[in-house]
Amino acid sequence: MDFNVDHFALFGLPKKFRTDPDLLDKRYREMQVLAHPDRYAGAGDAEKRVSMQWATRVNEAYQTLKNPLRRAAYLMLLAGKKLDVESNTAMPTEFLIEQMEWREAVAEARRACANTELEQFYHRVKQQMKCRYERLASLLDDKADTALAEDEVLRLMFLDKLVSEIDDALVALEA
Amino acid sequence: MALFQIAEPGESAAPHQHKLAVGIDLGTTNSLVATVKSGLASVIPDALGRPLLPSAVRYRDGEPPVVGYDALAGQSSDPANVVVSVKRFMGRSIDEVPYRESMPYRFEAGPGALSLKTVAGVKTPVEVSADILRELRMRAEAALGGELVGAVITAPAYFDDAQRQATKDAARFAGLSVLRLLNEPTAAALAYGLDNAAEGVYAVYDLGGGTFDISILRLSRGVFEVLSTGGDSFLGGDDFDQRIFCWVIEAAKLKPLSSVDARHLLTCAREAKEFLTNHGAAPIVARLGSGEVVDLELTTETFTEITRTLVEKTLRPVRRALRDAGLSVADVKGVVMVGGATRMPQIQRAVGEFFEKAPLNNLDPEKVVALGAAIQANLLAGNRASGDDWLLLDVIPLSLGLETMGGLVERIIPRNSTIPVARAQEFTTFRDGQTALALHVVQGERELVGDCRSLGRFELRNIPPMVAGAARIRVTFQVDADGLLSVSARETTSGVEASIAVKPSYGLSDDAIARMLKDSLDHAKDDTARRAVKEFQVEAQRLVEAIRSALVADGDLLSPDARERIESGIAHLQAAMLGEDRHAIARCIDELESETSAFAALRMDRTIRDAFSGKKIDAIERELVSSEKGGET
Ligand SMILES: Nc1ncnc2c1ncn2[C@@H]1O[C@H](COP(=O)(O)OP(=O)(O)OP(=O)(O)O)[C@@H](O)[C@H]1O
Ligand SMILES: [Mg+2]
C-alpha cells in the first residue's frame, strides 16, 4: 500500500467512471475506522500526525471518487489530460452564449431577490447535469471516447460553476 | 492506542484500568459535565444534586470568583461583575457583539478580542469560560475520585476557527487536557443514535441559549457521518428574551434604563418566555429603580408574533444544509430536537411543518449534548468496550480561503468538507524580484474579504528574486479532527517555508496571554515535584520495554544510525533509573521519547498501510479491542 497510489487503487476499485456507490461508501468507512485520529487519541504526537495524514488522504480520495465531476476530471487527469474550466476557450460559441445568458439570469434574479426562482433554477440545472453524467458514463466506460468525454466534462464544469453561483446568490440573499 | 503504550502522566500503572474522562457541554446559558460509568452515560450533579451549572461567573474584589447559581444570585445587585452568556463573546471583537449597549458590562476593546473590566481586574471571555470549566473539572474530580485523563469539550457546529480556538484555549487554562472538540449537534446525534439504534438520515435542530445549529447526518452501521451543517452563532433563546424586553419597553413606554433595571427586565423576559411554553399568557411585573412599576401581560399570540422573524431565521440555514447535503425533506427520517429553546411551541410547530413530521423530543434537550460528549470522551480515553466500534465523521461549517487581488476570496477548502482535510493551492509572484508574499486567511461564504471573518495574516519571506510569475508558492491548509486550521506556505523551487497555526489576528494580546499563563501556572501543581521517584522508575521501565518490543517487531524500519541513537537513549535512561534523581529520569524519558518519535510515526504508518491492504485487519482489530478495553465490559 503506497501513500501515492491513485484513489481508485487506494479504495481497491476499478478505474471506471461508473462506480458502485455502496462499495465506495463501505470501503471508505472501513478505512476511516482504521485511520481516523479518534482511534489514536491516546497515542503520541508523531502517531497522531500520521493518523491525521492518512485520514486526510482517505477523505480526499473519497470526495474525489464520490463527486461525479471530480471523479471524471480525475480519470482524465490519470489519462494525462488536465482540465481547467477557466483556461478553456475551445467551447462552441452557442454553448458559451447560453452560459452567459444563464449567468445573467442568475444575477438578475439575485438583484430582484427572487429566492424561489433561484431555487427552481438550481434544480433545473441539477437535472440537466444528471442527464449529462449519464452520457459521460457511456463515453468514458463503454466507448472510451476521451475526446468527446472531455467536451462533456467541460460542459459539466460550466454547469457546476453555475450551480455554485446560484448557491452564492442564495447565500447572499439569505444573509 | 499508544503504540509504545506509554502511560499518560498521572495515569495509574495498571494497564487496563478504567480511565477517568468527561464530556463537557459549555453552553451559553447552562454548562454540564457528564461521564460514562459501567457503560452508562450520566450527568454529574453538584453537591446539592443539581445537574446544570448556570454559565455565570461573579468576580469579587480580592476573593476567588463564584460560578453558577451563586453567581446568578448576585446578578440583580452587581450586574457589571456577573458575567453571563460569555459564549457569545468567544473569539469576537467588540463590534461583533449584538445588543452590547443594553449589557451591563464595561467592555474594553483591546487590539481585537474584547475583554471585560471587573472588580477582579480585566477578564477575557476565554478566562471567564475557563472559570466555568474549572468548576466543572473540580466537580467531576470530586465525584469520580481522581484526576481526569482528559475531556471532550463541545462547541456549536457553526463556530468558526476563532471561536473554536478560544474554546480550546479556555479548556487548557482550566487545566483540562482536551481529547477532542466535538460539535454539539454531532454529540447529540451520537447519544440519540446509540440509544435508539437509529439508522438513516437524521437532522439535529439545536436551539440553545445563544447559538443555533442544524446538522444533517447519515447514521449507518455505527458510522455517524455529518453530511452538512449550518447555523447562526448569534441566535438562541437569548434573542427571544431580547424581543420580549423590547416589547416591554415599548408597551410600558419606558425611558432609557439603568443597567440594574435592564438586567432585571431581561430576567423577567426570560421567565415570561419559559412560562409561555405551558401557558396562554404570562404576567410581567417588575419594580424599577425609580419606583416605577411595570405590570403587563404577554399573550402567546403576541409572543409568537414578535418572534416570527427569529423562527423564520432558523429555517434558512436548515434549507441550506439540506441543499448542501443534496437531500430533500422527504429523505430525513427524523429531527432530533436539542437545546432548551426548542421547548417553545412555535419552534416545535415550525420544525414539524417544515420537515413534515413530528420532531423527536425523547431525550432531555438540555443534557443530550453532554451525554454524547461523555460517550466520546470515554472512547477516546481508551475505555473501548468490545461493542464500541462506532465512528464520528464531522465537517467544517464554513469555507476557508485566502484573500486575492481586489479584496476577493479564493476558496481553498469548501464548507462541509469532512475533516481532517487538507488542500493545497499554488500562487505566484506578480512583480519582478518580489521576495515576500502576504497571505490573508479568511473564513466564510461571501465573495468579498470584507464580508468574511479574518483569521490571520502571515508572510512568506526570503523568496529568491525571480521574474514575475516564476515563483511557485504552494499554500497548504490543513484542518485537524478538532476542526482547527493550520496554514503553511512553501516556495517550491527554493524550498523557503513559512507556517502558522492560525491564531485569530484579533486574538488575545500578548499581555492577556502572559497573564493567563501565569494564572494557570499558579493553579497547576508542579507535576515533577509531586510525583514519587518510584513512579518515574516504573514509567521508565515501561517505556524501555515498549521500545524494545517495538524494535523487535519493526526494527527494520530504522536506519542503523537511528537505531544506534535509540539504543544509546535507552542506555542513558537505564543508567538514570538506577539513581534517585527524578529530574534526571524525567529528562531521560523526554529525550528518549523525542528520539523515538520518528520511529513511532514510521510504525504507525506501517500499521495503517497493513490495515488498508487487508493483511492484518483482523489482527489489528483484536489488538485495538484488547489494548483499549477499559474497566467496563
Ligand atoms: N420551558 C422553556 N421554554 C422556553 N425556553 C426555555 C425553556 N427552558 C429553557 N428555555 C431556554 O433555553 C435556553 C437554554 O437552553 P440550553 O441550556 O440548551 O442552552 P445552552 O446549551 O446553554 O446554549 P447554547 O447551546 O446556545 O450555547 C434559554 O434561552 C432558556 O430560556
Ligand atoms: Mg447547548
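**Exercise 1. Judge how far the predicted chain B can be read.**

Solution. Begin with the average: in this predicted model, chain B has a mean pLDDT (the predictor's confidence in each residue, from 0 to 100) of 87, and 88% of its residues reach 70 or more. Next, look for the weak stretches: over residues 504–509 of chain B the pLDDT is below 50, although this stretch has 18 contacts (heavy atoms within 4.5 Å) beyond near neighbours in sequence. Residues 615–633 of chain B likewise stay under 50, with 39 contacts beyond four places in sequence. Where pLDDT is low, the predicted coordinates should not be read in detail. Finally, for the complex, the predictor gives an ipTM of 0.85 and a pTM of 0.86.

Residues are numbered from 1 along each chain as written, while chains are lettered from A and ligands numbered from 1 in the order written. Local features need pLDDT of at least 70 and side-chain atom pairs 80 or more, whereas totals for chains, interfaces and linings use all residues, and side-chain values use heavy atoms, without hydrogens and water.

**Exercise 2. Describe the surroundings of ligand 1.**

Solution. First, list the neighbours: 21 residues surround ligand 1 (a heavy atom within 4 Å), and Thr28(B), Thr29(B), Lys87(B), Glu274(B) and Thr277(B) come nearest. Then take the polar atoms: oxygen of ligand 1 lies 2.6 Å from a side-chain N or O atom of Lys87(B), and an oxygen is also 2.6 Å from a side-chain N or O atom of Glu274(B).

Note on methods
A polar contact is a pair of N or O atoms within 3.5 Å; within protein, one must be able to donate a hydrogen and the other to accept it, and residues adjacent in sequence count only if both atoms are side-chain atoms.
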